[in-house]
Amino acid sequence: SAGLAVRRIGTHVVCFRETGSTNTVASQLAAEGAAEGTVVLADAQTGGKGRLGRRWESPPGVNVYCSVILRPPISPLHSPQLTLLSAVATAEAIERTSGLVPAIKWPNDILANGFKVAGMLSELSAETERVEYLVLGIGVNINMERDQFPDGLRYPASSLALEAGRTVERIPFVRSLLESLDRLYDEYLLKGFPPVRDAWLARSAVMGRRVTVDGGAGILAGTVEGIDEIGALLVRTAGGSLERVLAGDVSLEG
Ligand code: ATP
Ligand code: BTN
């Protein structure tokens, strides 16, 4: 951690050349009592996990696969707030290291020039009243080449290098990501969700936009009015009702 300007996140870092999933490793370490702020990094994953049970392409040598253990003093109901926090931190790191201006698509996709370049997967261990630990998993396509993406990806995907037109160094990227996470988490513990929500809304690709949301059980169409105090997406339907969405796939219309 030489020269890393952090208080909590990144004070302990565990690195693998290859592992199944950094989220799985981090969950195991957390269950064994690892300190808040412990970070797991891998050069490659053999079983990278995406949202909704999907796969995450995780080839060696080109990307960042990172999982962070947090022990926030909050109820499990509020855990989506931390996924939004990780999206803001990732967007900040992308902007600082690549010069791209990324947009966040709820809840946790990061887009550059409209292509998905990063995703987050949070996993939680909780009792009714409080979070025991939370693992924030962050995957960023840094220097992945066009031919490393499988055909038929659900969203049009890309990498920072492909969009910025130049190689992006991974170590400075990770440094920037951990420093952003640490600063935002510190602020979150002091001031709660509002600063994170404001930063998220400022980078949102969905705010004020017409969207369709596939929540698994059905499809909802409407205009995004914001996010509520727990991190749910607020969608105003054509019929005028305000719907809260906690999980699903969002598509931008028009
Ligand atoms: P399902 O059973 O729902 O079809 P699956 O487990 O077969 O899902 P895929 O259909 O391959 O998994 O879904 C993974 C999706 O995640 C891809 O379509 C793509 O949108 C996204 N994805 C996976 N890896 C990456 C990556 N490295 N960068 C960007 N997007 C990715
Ligand atoms: C998504 O957009 O579907 C979420 C992708 C999350 C990928 C990261 S890579 C590091 C961590 N380990 C995993 O297995 N998944 C997350």
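**Exercise 1. Which residue stands opposite L233 of β10?**

Work on the predicted model. Trace the pairing of β10 with β9, then describe the hairpin.

*Solution.*
- Step 1. Find the strands. β9 covers residues 219-227 and β10 covers residues 233-237.
- Step 2. Read the pairing. β9 and β10 run antiparallel and share five bridges.
- Step 3. Pick out L233. I227 stands opposite L233.
- Step 4. Take another pair. V224 has V235 of β10 as its bridge partner.
- Step 5. Look at the turn. Five residues lie between β9 and β10 in this hairpin. There, G231 takes a positive phi near 110°.

**Exercise 2. Follow β10 to its partner β11, and say how β10 is enclosed.**

*Solution.*
- Step 1. Count the bridges. β10 and β11 are joined by four, in the antiparallel sense.
- Step 2. Name the partners. L233 has V245 of β11 as its bridge partner. V235 stands opposite E243 of β11.
- Step 3. Combine with Exercise 1. L233 is opposite I227 and is also bridged to V245 in β11. V235 is the partner of V224 and also faces E243 in β11.
- Step 4. Inspect the hairpin. Four residues separate β10 and β11. G240 in the turn has a positive phi of about 100°.
- Step 5. Check burial. The cut-off for buried is under 20% relative accessible area. Four of the five residues of β10 are buried, so the rest of the structure largely encloses this strand.

**Exercise 3. Assemble the sheet. Which strands stand at its edges?**

*Solution.*
- Step 1. Write the order: β11-β10-β9-β8-β12. These five strands form an open sheet with antiparallel pairing.
- Step 2. Look for strands with a single partner. They are β11 (242-245) and β12 (249-252), so each has one side without a neighbour in the sheet.
- Step 3. Add the geometry. From one strand to the next, the twist averages 45°.
- Step 4. Recall the rule for side chains. In a regular strand they alternate between the two faces of the sheet.

**Exercise 4. How many disulfides does the structure hold?**

Check C15 and C66 in turn.

*Solution.*
- Step 1. Recall the bond. A disulfide covalently links the sulfur atoms of two cysteines.
- Step 2. Search the whole structure. The count is zero.
- Step 3. Test C15. Its nearest cysteine sulfur belongs to C66, 9.5 Å away. The cut-off is 2.5 Å, so a pair at 9.5 Å does not qualify.
- Step 4. Test C66. Its nearest cysteine sulfur is that of C15, and C66 is in no disulfide either.
- Step 5. Compare the surroundings. C15 is exposed, at 58% relative accessibility. C66 is buried, at 1%.

**Exercise 5. Describe the surroundings of ligand 1 and its polar contacts.**

*Solution.*
- Step 1. List the neighbours. Ligand 1 is surrounded by G53, R54, R55, W56, E57, N141, L153, R154, Y155 and A157.
- Step 2. Start with side chains. An N or O atom in the side chain of R55 is 3.0 Å from an oxygen atom of ligand 1. For N141, a side-chain N or O atom is 2.7 Å from a nitrogen atom of ligand 1.
- Step 3. Turn to the backbone. E57 places a backbone N or O atom 2.9 Å from a nitrogen atom of ligand 1.
- Step 4. Quantify the cover. Ligand 1 taken alone exposes 620 Å², and the protein buries 73% of that.

**Exercise 6. Repeat the analysis for ligand 2. Which residues come nearest?**

*Solution.*
- Step 1. Count and select. There are 20 residues around ligand 2, and S21, Q45, K49, R51 and K116 come nearest.
- Step 2. Take the nitrogen contact. A polar side-chain atom of Q45 lies 3.0 Å from a nitrogen atom of ligand 2.
- Step 3. Take the oxygen contacts. K49 uses a backbone N or O atom, 2.7 Å from an oxygen atom of ligand 2. K116 uses a polar side-chain atom, also 2.7 Å from an oxygen atom of ligand 2.
- Step 4. Quantify the cover. Ligand 2 taken alone exposes 420 Å². The protein buries 98% of that.

**Exercise 7. Place N63 and L178. Is each buried or exposed?**

*Solution.*
- Step 1. Locate N63. This residue sits in the loop between β2 (38-45) and β3 (64-70).
- Step 2. Check its accessibility. N63 is buried, at 1%.
- Step 3. Find its contact. A polar side-chain atom of N63 lies 2.9 Å from the backbone nitrogen of I142.
- Step 4. Locate L178. This residue is in helix α4 (residues 170-191).
- Step 5. Check its accessibility. L178 is buried, with a relative accessible area of 2%.
- Step 6. Relate sequence to space. L178 and L4 are 174 residues apart in sequence. Their C-alpha atoms are 8.3 Å apart.

Definitions and conventions: Residues are numbered from 1 along each chain as its sequence is written. Chains are lettered from A and ligands numbered from 1 in the order in which they are written. This is a predicted model: local features need pLDDT of at least 70, side-chain atom pairs count only at pLDDT 80 or more; totals for chains, interfaces and linings use all residues. Side-chain values use heavy atoms; hydrogens and water are left out. Two strands pair if DSSP finds at least two bridges between them. Helices (H or I, at least four residues) and strands (E, at least two) are DSSP runs, numbered from the N terminus. Axes are lines fitted to C-alpha atoms, for helices over the stretch in contact, and angles run from 0 to 180 degrees between N-to-C directions. Buried means under 20% relative accessible area, exposed over 50%, partly exposed in between (1.4 Å probe, protein chains only). A residue is near a molecule or strand if one of its heavy atoms lies within 4 Å of it. A polar contact is a pair of N or O atoms within 3.5 Å; within protein, one must be able to donate a hydrogen and the other to accept it, and residues adjacent in sequence count only if both atoms are side-chain atoms. Accessible areas come from the Shrake-Rupley method with a 1.4 Å probe; for residues, only the protein chains shown count as cover.
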